[in-house]
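Colleague: Could you take a close look at the largest pocket for me? I would like to know what lines it and how it is built up.

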Amino acid sequence: CTAVISDMEQPLGRTVGNALEVKEAIAALRGEGPADLMELCMELGSFMLKLGGVADDADAAREMLGDVISSGAALEKLRLMVSAQGGDASQVDHPETLPGAAFSTELRGGEAGFVQGLEAITVGKASMLLGAGRETKTSTIDLGAGIVLHKKRGDVVAAGDLLAVLHSNTESRLATAREALAQAYQIGPQAPEERPLIHGIVDPNLPS
């Protein structure tokens, strides 16, 4: 058993919300996902291949993962998984047919500088307010709702730059969620110190 302690200060990837995250996952299986998402998937995948006895070391495992992505085998496996569960596998090749949202609004920065922080839990609450998560046990999830993040920690921001786009099928939710999301961004004049994506590995087979 191996545990990878990954950074959770900000959301992984660029999307938050059901269909939006599925689209991003499909892009990742094509090798086109955001850099942080791709790196964490490669790290986790390499450990899984080693633990399963399929690869001897991390380099070999990463090469195997790269091969199944570039060959299309990874995407084909997703098609098979969707079909096996009674889903529409054609959406893997046409993610634009996944649930969408009728309404959207932009969040723009008010000052120039750097994104010094992007609080993950606040982003999650804003997404919930859009309908992408459950406020109560009986809440109905809006599969098309969510957030696309255009700026994350360390990014340069000019005054008025687009920070994020919020999506929902309930127009009245947008303003409150945008106000909440604005609280997640900390923008200041100095670039923040670089944070590692992976903080540590817990593995009894590695030297302490």
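Modeller: Happy to; here is a walk around that pocket, with a short look at the second one afterwards. This is a predicted model, where local features need pLDDT of at least 70, side-chain atom pairs count only at pLDDT 80 or more, and totals for chains, interfaces and linings use all residues. Residues are numbered from 1 along each chain as its sequence is written, and side-chain values use heavy atoms, with hydrogens and water left out.

A pocket here is an open set of points on a 1 Å grid over the protein atoms alone, where a 1.4 Å probe fits, with protein on both sides within 12 Å along at least five of seven lines; lining residues have an atom within 4 Å of a point. Volume is the space filled by probe spheres set on the points, which are joined across faces, edges and corners.

The largest pocket holds about 600 Å³ of space. Its lining counts 25 residues, with Ala25, Leu29, Ala74, Leu78 and Met81 nearest the centre. Two or more lining residues come from each of helix H1 (18-29), helix H2 (35-51), helix H3 (58-71), helix H4 (73-84) and helix H5 (90-93); helices are DSSP runs (H or I, at least four residues) numbered from the N terminus. H2 contributes the most, seven residues. By class, the lining has 20 nonpolar, three polar and two charged residues, with Asp, Glu, Lys and Arg counted as charged, Ala, Val, Leu, Ile, Met, Phe, Trp, Tyr, Cys and Pro as nonpolar, and the others, Gly among them, as polar.

As for the second largest pocket, about 460 Å³ of space lies there. Its lining has seven nonpolar, two polar and 11 charged residues.
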